[in-house]
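Please look through this model and report on its helices, its charged pairs and its core. Keep it short and plain for a first-year student.

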Amino acid sequence: MQGLPFTRTGRADGKGLQQNRRSTRLFYCLGWAFMLKGDQAKAIECLQSVIELDSGYVNAYNRLGDIHFSRAEYNQAIEQYRHAIRIAPDLTEAYRLLGRTYAETGAFGKAITAYQKAVTINPKDAETYCRIAELYARQKQPKREQSNYKRAAKLGHKEAQQWCTRHGVTY
């Protein structure tokens, strides 16, 4: 934390970090801002500071996973998402991100398992049903593909509804 590369914080007096050196929320927000700016090194430094201060800050692990994913460092991304899941086993975001990463590496079975856990937790997650359908399509399992697009369409997902219409599937 001592070598953080910034001095200004957005506070009018510029003392936010000096007064809140242990603020996990502040470091998380700075990490998010650096991510959006494209400065991954500073984002990682901030997010690691969050974890040093609070090892249970689950979103910091998800954002670190996102950075590793964007760098095609999939094993590191998977490690971060799994850590988030250990901390918060009912957080759908971590399962979705884990599923996305497994899908990117070609581990479709693991991806489907992660996505299915996400929809078990949140059965109204239409986007995840679409991701599952896409994976079943890639595995040439049309009945499972259709079933998941149909679920997503019933939940109002526009692309899934279009898919169902194109394929003559009522939802």
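Helix H4 is largely enclosed by the rest of the structure, because 11 of its 13 residues are buried. Buried means under 20% relative accessible area, exposed means over 50%, and partly exposed lies in between, with a 1.4 Å probe and protein chains only. Helices are DSSP runs of H or I with at least four residues, numbered from the N terminus. This is a predicted model: local features need pLDDT of at least 70, side-chain atom pairs count only at pLDDT 80 or more, and totals for chains, interfaces and linings use all residues. Residues are numbered from 1 along each chain as its sequence is written, and side-chain values use heavy atoms, with hydrogens and water left out.

**Helix H4 and what follows**

The buried residues of H4 include Val-58, Tyr-61, Leu-64, Ile-67 and Phe-69. Polar and charged names are on that list too, among them Asn-62, Arg-63, Asp-66 and His-68. The cover over these buried residues includes helix H2 (24-37), helix H3 (40-53), H5 and H6. Contact here means heavy atoms within 4.5 Å.

H4 reaches 19 Å from its first C-alpha to its last, close to the 18 Å expected for its 13 residues at 1.5 Å a residue. The expected span is 1.5 Å times one less than the number of residues.

Ala-72 comes just after H4, in the loop between H4 and H5. Ala-72 is not a glycine, yet its phi is positive, about 60 degrees. Its relative accessible area is 45%, so Ala-72 is partly exposed. Lys-140 also has a positive phi, about 55 degrees, and is not a glycine. Lys-140 is found in the loop between H8 and H9. With 72% relative accessibility, Lys-140 counts as exposed.

**Helix H5: two sides**

Helix H5 covers residues 74-87. Its 14 residues reach 20 Å from first C-alpha to last, close to the expected 20 Å. Which residues of H5 are buried? They are Ala-77, Ile-78, Gln-80, Tyr-81, Ala-84 and Ile-85. They lie on the same side of H5, because they cover an arc of only 165 degrees around the axis. The arc is taken from the directions from the helix axis to the C-beta atoms. An α-helix has 3.6 residues a turn, so residues three or four places apart point the same way. On the other side of H5, Asn-75, Glu-79 and Arg-86 are exposed. Helix H4 (58-70) and helix H6 (92-105) are included in what covers the buried residues of H5.

**Charged pairs**

A salt bridge is a side-chain nitrogen of Lys or Arg within 4 Å of a carboxyl oxygen of Asp or Glu. By this rule the count is 7 salt bridges. The table gives some of them.

| Acidic residue | Basic residue | Closest N to O |
|---|---|---|
| Asp-39 | Lys-42 | 3.7 Å |
| Asp-66 | Arg-63 | 2.8 Å |
| Asp-125 | Arg-96 | 3.1 Å |

Take Asp-66 and Arg-63. Both lie in helix H4, 3 residues apart, about one turn of the helix. Asp-66 and Arg-63 are both buried. Asp-125 lies in the loop between helix H7 (108-121) and helix H8 (126-138) and Arg-96 in helix H6, so this pair ties together parts that are 29 residues apart in sequence. Asp-125 is buried, with a relative accessible area of 8%. Arg-96 is partly exposed, at 28%. Lys-42 counts as partly exposed, at 24% relative accessibility.

Some salt bridges join up. Arg-63, Asp-66, Glu-93 and Arg-100 are linked in a network of them.

Where is Glu-145 found? Glu-145 is in helix H9 (residues 142-154). Glu-145 is buried yet has no salt bridge. The nearest side chain of opposite charge, Arg-166, is 7.9 Å away. For charge, Lys and Arg count as positive and Asp and Glu as negative; His and the chain ends are not counted. Leaving out residues up to four places away in sequence, Glu-145 touches Ala-133, Tyr-136, Ala-137 and Trp-163.

**The core**

A nonpolar core is a set of buried Ala, Val, Leu, Ile, Met, Phe, Trp, Tyr and Cys residues joined through side-chain atoms within 4.5 Å. The largest one has 50 residues. Leu-98, Leu-135 and Tyr-149 have the most contacts inside it. Leaving out residues up to four places away in sequence, Tyr-149 touches Cys-130, Ala-133, Glu-134, Ala-160, Trp-163 and Cys-164.

Notes
Helices (H or I, at least four residues) and strands (E, at least two) are DSSP runs, numbered from the N terminus.
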